[in-house]
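Visitor: Please take one part of this model and go through it closely, with the contacts and distances spelled out. Other local features can follow after that.

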Amino acid sequence: MFSKVRHWFSKERREEQLRQRLDGLRRRLPVPRFWLLGKTQSGKTSLIKSLTGAETAEIGRGFQPCTRFSRAYDFPTVEAPLLRFLDTRGLDELGYDPADDLARFGADADVVVVTTKLLDHALENLLNHLRTIRRSQLTRPVVLVATCLHEAYPQQQHPLPYPFADDASLPADSPFPEELHRSLQEQKRRFEGLVDRVVAVDLTPPEEGFNDPDYGGPALRQVLLAVLPGAFRQTLLTLDEARRELGDLYSRQVLPHIVGYSTLAATAGAVPVPLVDLVLLASIQSRMVYHLARLYNQPLTARRFTEIASTFGLGIFLRQGTRMLLKWVPFVGPVLGSVAGGALAGASTFALGKAFCYYCQAVHNGHVPGPEDLRRYYKVQLALAEGAWVARPAVAKDPA
Amino acid sequence: MSRWRILLVVGLLAVPFAGLAVIGSYYLWTLHWGFYAWWLMFASMALGYVLGWYWQHKRRLLRMPEFTAPVHWTERDAEAWRLVAARAQAAVSLPVEKLSEIAQYEAEARQMALELAAFYHPGASDPVSNLTIPEVLAVIELAARDLGELVDRYLPGGHLLTVGDWRRARQAADWYQSASNLYWAIAALFSPVRTAARYAASKVGLSAPWQMLQQNLVLWFYTAFIHRLGTYLIDLNSGRLRIGAGRYRELVEQYTAPPCSDGSSEPPVVTVTLLGQVKAGKSSVINALLGEQRARTDVLPATAGAERYELKNPDLPSDLVLVDTVGFGHAGPKADQVAATCEAARNSDLLLLVLHARMPARQGDVTLLDGLRDWYAAHPDLKRPPVLAVLTHIDLLSPALEWRPPYDWRQGLRAKEQNIRDAVAAAKGQLGARVAGVVPVCAAAGKIWGVEEELLPAVIERLDEAHGVALLRCLKGEKDTGKVRKIFEQLLAAAKQAARIVWEQYNRPSASPGRSPELPPRA
């Protein structure tokens, strides 16, 4: 009886310790935090959709209440986030005071993204609150995203190619009607001194039938990359690159989750304290596998897969050990070990995730891949991922 | 003519018919058809009585005076009306004898006047003390005149009715009773057995309708009396009668008369004010209503001050004045803007709240409407103009690339129709009971849809209410200006009188009454 209680107690404590360590890790993750500021239906969800590739319903579900007037969305999951969006939805409400939000995440947000319809000129409230937010931290970049361009040319297709220059100015032979020009000028004048960059976009669901549902999306990503602090660029780039190579819609949805856990693992691997990370990494990787299994709706497969993976030394189980030694070498060790270890931890987690997806897909298609087959696939993915992670360190050295 | 002369004339006129009846009866008797003829007549009369009884039972023969609240009544007035209606309801249980006594009418009128005055001036120790004498006289005049009209219209031969007749109305049943008793007596002489059977039958079934008719008649008059008096007492306590009975009647007729097709009486102009956030499309809606580009529209906020446009449309029962206002920001934050908009709203008879279908941030609109509601709650003598929400830019709703009206947005299954329906439902959800309805339109030049199909009918539907608002505003306006003018005139008349007296005293020997009285007295 007593031993039972003690066992239970110690297990609880171990989990608690692990949870705390993961929390600490997440705080050091290079997750860019976007503070979205805009009226209802000014295109905030479409913007998240364009940046992450997530579905509208998924975004809606993912939002968690944050302050009285705001909510937060961690993409793809709260456990292993890649991007964080803070949505101030109370902006339209009477008596909204940005002080609450400033106190809660004002210091954290890396970039303020102001969304407004290009033709919306009832912006007094938005401008007032933006002024307060801008004053609170003058160095933080603010991007104005003018949305719903097509309302200026109703029932017509977007002119292709996207004609806006980097500073959202239009060439002399602009294909747009004059109203759009004047409205854009007015918006730029109104937000002068309050925003650093302006982007014009028109992000519509594909079923609307526009010739480009992500009109101006690449320009938006360029602008965000340009204004984000260096460390955060990597996440966006990795996400973008990894997504580009995959055609299958389902894999595209799952991939951000793998990248999320890989980044978490890479951050854990970068901690210059040896031995601790082995436990942590194993825990992160098994959490990822179980999470992916839930996404694939095959929770039973996860257990079978971890068995195979540990038998054949997939993931960190084989190679991390050799790198561990480096950390014991004084002075040089921690630095070298953290870069290489971080990259390896990230890459191996990524490859493990990909291998599991491969496994799940195969099971779904009716045949269980053999261990050799799985190992081969893992190695290919690891080589690819190592290239990506070692070439560009994915870890923010300074979490500020 | 004296009574015997009337009797003679009536007798002479009746003799041929009576003779015919006698001769006819004799003839029928010689043919042995009398029996059948009697049963036929009996059946016909019985049917008449039964129907008479049935319809009166259902109150169909003499319809109870129906009441529709005057268009200009406010919510407070409607509440006061409930007191009046309760009194009328209570009268049903009063005995007929009581209802035909003049004293009962007096008592009822006094009680009702006190009750309504107390309702309108709660907390006042003597609620009737602040009523002016002309007002009270106006109530009496108006109610009396209306009752006269009612009697003329609904009571056959009402113009011959004297007070004596009225007092005797109750006794009419007795006269009928005596007459019929005489009939039965005569009939019994000829055919005792059959008559006895018939008498018994008629006693059971046929005398009830007559009593009911009498009761109905008296109750009808009593109810009409309470209703009319109540109506004017409500107007009295609301202060609307201060302008005098004549002017009141004139204004009410002007605002409530059905429009004449020959244009002899010009219907009053209805002021329609368009409110909304900047760029919601107020000017575009005005242009669409006018059918021409007169209000300036632009991609940037274009309207700088309230502008007025006249709309004369043969389809409309009255001319409209459309007032374009400056749009407010999406939270309507500027106090002076809200004040100006409220001011414009107070001078209108109908409000169109213009909403952009694709901009659902409507806190500003809600704030504005709530502000208006509070203002009218603080001014219960005025009526809040009805508010219609106009949902513009529906062409931009998804699918945005499509514009193929007409759209059956109430039932249709096309994506656009469903989205219009959703947008209307969303606006209704946000605004709730603050608006009377939500009408989706597209007012963009070249794509106008829904203005003639949906908006104009909705406006016409609200015109009666709008007329009521206009009338109330007019009554209040006349009362306020009239009060000042009247006092001024009375003062002037008093001053003239005083001057004349002083003048005459100073010039007693040579005073001439024809001299100009306005001259100041010589000091």
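Guide: Helices and strands here are DSSP runs, a helix having at least four residues and a strand at least two, and they are numbered from the N terminus. On that basis B:Phe35 is placed in helix 2 of chain B. The model is a predicted one.

The part to look at closely is the surroundings of two glutamates of chain A. The loop that holds A:Glu151 runs between strand 6 (142-147) and helix 6 (178-190) of chain A. Its relative accessible area is 5%, so A:Glu151 counts as buried, the limit for that class being under 20%. A:Leu180 is 29 residues from A:Glu151 in sequence, and their C-alpha atoms are 9.0 Å apart.

Which residues does A:Glu151 touch, once those up to four places away in sequence are left out? From chain A they are A:Lys117 and A:Leu119, and from chain B they are B:His356, B:Arg358 and B:Leu396. Two of these partners are also joined to the glutamate by side-chain polar contacts. With A:Lys117 the distance is 3.2 Å, and with B:Arg358 it is 2.8 Å.

B:Arg358 comes up again at the second glutamate, A:Glu208. This residue sits in the loop between strand 8 (202-203) and strand 9 (214-215) of chain A. A:Glu208 is also buried, but it has no salt bridge. Its nearest side chain of opposite charge is that of B:Arg358, at 6.4 Å, and a salt bridge needs a side-chain nitrogen of Lys or Arg within 4 Å of a carboxyl oxygen, so this pair does not qualify. What A:Glu208 does have is a backbone partner: a polar atom of its side chain lies 2.7 Å from the backbone nitrogen of B:Ala400. With neighbours within four places in sequence set aside, its contacts are B:Ser398, B:Pro399, B:Ala400 and B:Leu401.

That stretch of chain B has a backbone feature of its own. The peptide bond from B:Ser398 to B:Pro399, both contacts of A:Glu208, is cis, with omega near -10°. B:Pro399 belongs to the loop between strand 5 (387-392) and helix 15 (415-431) of chain B. B:Pro406 is found in the loop between strand 5 and helix 15 as well, and the bond joining B:Pro405 to B:Pro406 is cis too, with omega about 5°.

Back in chain A, the loop between strand 6 and helix 6 also holds A:Ala168. Although not a glycine, A:Ala168 has a positive phi of about 60°. It is buried, because its relative accessible area is 2%. In chain B, B:Lys279 likewise has a positive phi, near 65°, without being glycine. B:Lys279 lies in the loop between strand 1 (270-276) and helix 12 (282-290) of chain B. At 26% relative accessibility it counts as partly exposed.

Last comes the surface of chain B, and with it the helix named at the start. B:Tyr27, B:Leu31, B:Trp33, B:Phe35, B:Tyr36 and B:Trp39 make a nonpolar surface patch of about 710 Å². Helix 2 (residues 34-57) of chain B is the main contributor to this patch, giving three residues. B:Phe35, which belongs to helix 2, has a relative accessibility of 43% and therefore counts as partly exposed.

Note on methods. Residues numbered from 1 in each chain as written. Chains lettered and ligands numbered in written order. Predicted model: local features only at pLDDT ≥ 70, side-chain atom pairs only at ≥ 80, totals over all residues. Heavy atoms only, no water. Buried < 20%, exposed > 50% of the residue type's maximum accessible area, 1.4 Å probe, protein only. Lys, Arg positive; Asp, Glu negative; His and termini not counted. Polar contact = N/O pair within 3.5 Å; in protein donor to acceptor, adjacent residues only side chain to side chain. Contact = heavy atoms within 4.5 Å. Patch = residues over 30% accessible without salt bridge, like charges linked within 9 Å, V, L, I, M, F, W, Y side chains within 5 Å. Areas by Shrake-Rupley, 256 points an atom, 1.4 Å probe, with all protein chains shown as cover.
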